[in-house]
Amino acid sequence: MYGQERFANINQTLNRRIDQKKHLIAVHRGSWGGNIIQNTVESYTAAIKMGADMVESDVNASTDGVLYSFHDGHEPDVFGVSKNIKTMDSAEIESYHPLNAVSLRCSRRINRLTEILEFLPEGVLLNIDRAWDIYPQVLEVLDRYPQARFQVVLKAPLKAAAAFEALSAHPVKYMFMPICYSLADVDAALAYTDVNTVGAEIIAPTPQAELFDDGAIAYIHGKGLYCWVNAINLGDVGRDGLYGGLDDDVSVIRDPALGWGKLFDKRIDIIQTDWPALLHAYRAQRLRE
């Protein structure tokens, strides 16, 4: 069981899914392409149909306090403008028709967080990223949706002290995952005993990094936390990615056994990917073996 015993009721969906599947598939901004836009209900629908157990939503606020499922910094890709979404009001944000996969305007619009929560199917988990500077607003919205406490996992880096404080003070103990680069980061996160920490996103840019070691993974499991690894690729020049080169590129282009398979062998509990259908098929193959 992951998480503190006193929060077992809130964590039951997460723990049940891990017990059933052994390794969960988290999908990076949903599955997008064509006229399906990242971080939208449509992208999450596609991801779930491809085998996702969890989908990721990057959340940011407009100047008038409306929360959107959108990764700031990608306005040129999605809206075709250079302004940051944090500097726009909701009327301006909702005036944009996003650019599709071939940079043509489509009829879709990005979604408010409330629309994502209204859509979220029972049993599917939602990871909320990029929102650590606006946790009071996010928590207020989550509180309107009783099922959110069983399905939402919030994520933040250790430097976001205000986020930890907001979670500590909040009466509803939503699941939480710190972004960790070392075992010291894991211990620092666990020092916030009133936060419902259920896992750790572990970053190991090279195989020599501390959190790439199997002993580090065992240590994290011993603390009652799951291990989440990003197999997604954010660049490939002079780097091994987010987890020692065990990534989507090697898994898709060469052999899944060389990437995802090694993550399974290392007892990684949740793998975030851009290729859920292929990872789902490989997981099913591994379970049959």
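Which residue forms a salt bridge with Arg6? The partner is Asp194, and the closest N and O atoms of the two are 3.3 Å apart. Before going further, a word on the ground rules: this is a predicted model, where local features need pLDDT of at least 70 and side-chain atom pairs count only at pLDDT 80 or more, while totals for chains, interfaces and linings use all residues. Residues are numbered from 1 along each chain as its sequence is written, and side-chain values use heavy atoms, with hydrogens and water left out.

Back to the salt bridges, then. The term stands for a side-chain nitrogen of Lys or Arg within 4 Å of a carboxyl oxygen of Asp or Glu, and the structure holds 16 of them. Arg6 sits in the segment before helix 1 (12–21) and Asp194 in the loop between helix 9 and strand 7, so this pair ties together parts that are 188 residues apart in sequence. Helices (H or I, at least four residues) and strands (E, at least two) are DSSP runs here, numbered from the N terminus. Arg6 is exposed at 51% relative accessibility, whereas Asp194, at 37%, is partly exposed. For these labels, buried means under 20% relative accessible area, exposed means over 50%, and partly exposed is in between (1.4 Å probe, protein chains only).

Arg108 and Glu42 make another such pair, with their closest N and O atoms 4.0 Å apart. It too links distant parts of the chain: Arg108 is in the loop between helix 4 (90–93) and helix 5 (113–119), Glu42 is in helix 2, and their positions lie 66 residues apart. Both are partly exposed, Arg108 at 28% and Glu42 at 30%. Then there is Arg286 with Asp265, at 2.7 Å between the closest N and O atoms. Arg286 belongs to helix 13 (residues 276–288) and Asp265 to helix 12 (residues 260–265), so the bridge joins parts 21 residues apart in sequence. Arg286 is partly exposed at 25%, while Asp265 is exposed at 54%. Salt bridges that share partners also join Arg17, Lys21, Asp53 and Arg283 into one network.

Arg17 turns up again among the buried residues of helix 1, alongside Thr13, Leu14, Asn15 and Ile18. The cover over these residues includes strand 1, strand 4 (125–129), helix 7 (148–151), strand 6, strand 9 (226–230) and strand 10 (270–273). Just after helix 1, Lys22 takes a positive phi of about 70°.

Strand 4 itself has 5 of its 5 residues buried, so it is largely enclosed by the rest of the structure. Leu125, Asn127 and Asp129 point one way from the strand, and Leu126 and Ile128 point the other way. In a regular strand the side chains alternate between the two faces of the sheet. Strand 4 pairs in the parallel sense with strand 2 (residues 54–61) over 5 bridges, and also in the parallel sense with strand 5 (residues 152–157) over 3 bridges. Pairing here takes at least two DSSP bridges between two strands. In these pairings Ser57 stands opposite Ile128, and Leu126 stands opposite Val152.

Ile128 also features in the largest nonpolar core, which has 64 residues; Ile128, Leu142, Leu154, Ile202 and Tyr243 have the most contacts inside it. Such a core is a set of buried Ala, Val, Leu, Ile, Met, Phe, Trp, Tyr and Cys residues joined through side-chain atoms within 4.5 Å. Helix 6 (residues 135–142) gives the most to this core, with 5 residues. Apart from it lies another core, of 15 residues, among them Tyr2, Ile18, Met54 and Leu125.

Helix 9 (residues 183–190) has Leu183, Asp185, Val186 and Ala189 buried. These cover an arc of only 155° around the axis, which puts them on the same side of the helix; the arc is that of the directions from the helix axis to the C-beta atoms. They pack against helix 8 (161–169), strand 6 (175–180), strand 7 (196–197) and helix 10 (214–222).

A charged residue can be tucked away too: Arg29, in the loop between strand 1 (24–27) and helix 2 (41–49), is buried at 6% relative accessibility. Leaving aside neighbours within four places in sequence, Arg29 is in contact (heavy atoms within 4.5 Å) with Gln38, Asn39, Ser43, Tyr44, Glu56, Asp58, His71 and His74.
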